[in-house]
Amino acid sequence: MSKYAIAEIAGRQFKLEEGKFVDVPRLEDEEGATVTLEKLLLVSNGDAVKVGAPYVEGAKAEAKVLEHRRTRKVMVLKKKRRKGFRKRGSARQYLTRLEVSSLNV
């Protein structure tokens, strides 16, 4: 079993593994900066699993901000039949790509 953690970032949950990349909602930190994530809900170190209430005390993850980017454009279409109503829009999310460097329990 590998070492991983479930972190809460911007109200959403993400699985973090050492050496892996994760896309999270846009963070304020600049590219190349190191971010400390302390809101870990669950930490697994092989066979040992720690579950927080709500967070695991003393556990934190270090991650490096690689880039700020945007997702592909998503088209949104709205239509009401027989009414002549049609509306078209689009949206792109702002994301930050993180590389998880270490998980400390």
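**Exercise 1. The pairing of β8 and β9**

Task: Determine how many bridges join β8 to β9, and which residue of β9 is the bridge partner of Val74.

Solution. Step 1: β8 (74-80) and β9 (85-91) are DSSP strands (E runs of at least two residues; helices are H or I runs of at least four; both are numbered from the N terminus). Step 2: two strands count as paired if DSSP finds at least two bridges between them; β8 and β9 run antiparallel and are joined by seven. Step 3: Val74 has Ala91 in β9 as its bridge partner.

The model is predicted: local features need pLDDT of at least 70 and side-chain atom pairs count only at pLDDT 80 or more, while totals for chains, interfaces and linings use all residues. Residues are numbered from 1 along each chain as its sequence is written, and side-chain values use heavy atoms, with hydrogens and water left out.

**Exercise 2. Positive phi outside glycine**

Task: For Arg82 and Ala10, state where each lies and whether each is buried or exposed.

Solution. Step 1: the hairpin of β8 and β9 has four residues between its strands, and Arg82 there takes a positive phi near 65 degrees. Step 2: Arg82 counts as exposed because its relative accessibility is 70% (buried is under 20% relative accessible area, exposed over 50%, partly exposed in between; 1.4 Å probe, protein chains only). Step 3: Ala10, in the loop between β1 and β2, has a phi near 55 degrees. Ala10 is also exposed, at 61%.

**Exercise 3. A cis peptide bond**

Task: Identify the residues joined by a cis peptide bond and place Pro54.

Solution. Step 1: the bond links Ala53 to Pro54, with omega about 0 degrees. Step 2: Pro54 is in the loop between β6 (48-51) and β7.

**Exercise 4. Lys50**

Task: Describe the setting of Lys50 in strand β6.

Solution. Step 1: with a relative accessible area of 46%, Lys50 is partly exposed. Step 2: leaving aside residues up to four places away in sequence, Lys50 touches Leu41, Leu42, Val43, Val56 and Val105 (contact means heavy atoms within 4.5 Å). Step 3: Val35 is 15 residues from Lys50 along the chain, and their C-alpha atoms are separated by 22 Å.

**Exercise 5. The largest nonpolar core**

Task: Which residues of the largest nonpolar core touch the most other members?

Solution. Step 1: such a core is a set of buried Ala, Val, Leu, Ile, Met, Phe, Trp, Tyr and Cys residues joined through side-chain atoms within 4.5 Å. Step 2: among its 20 residues, Ile9, Leu16, Val24, Leu40 and Leu98 touch the most other members. Step 3: strands supplying at least two residues each include β1 (3-9), β7 (60-70) and β10 (94-104).
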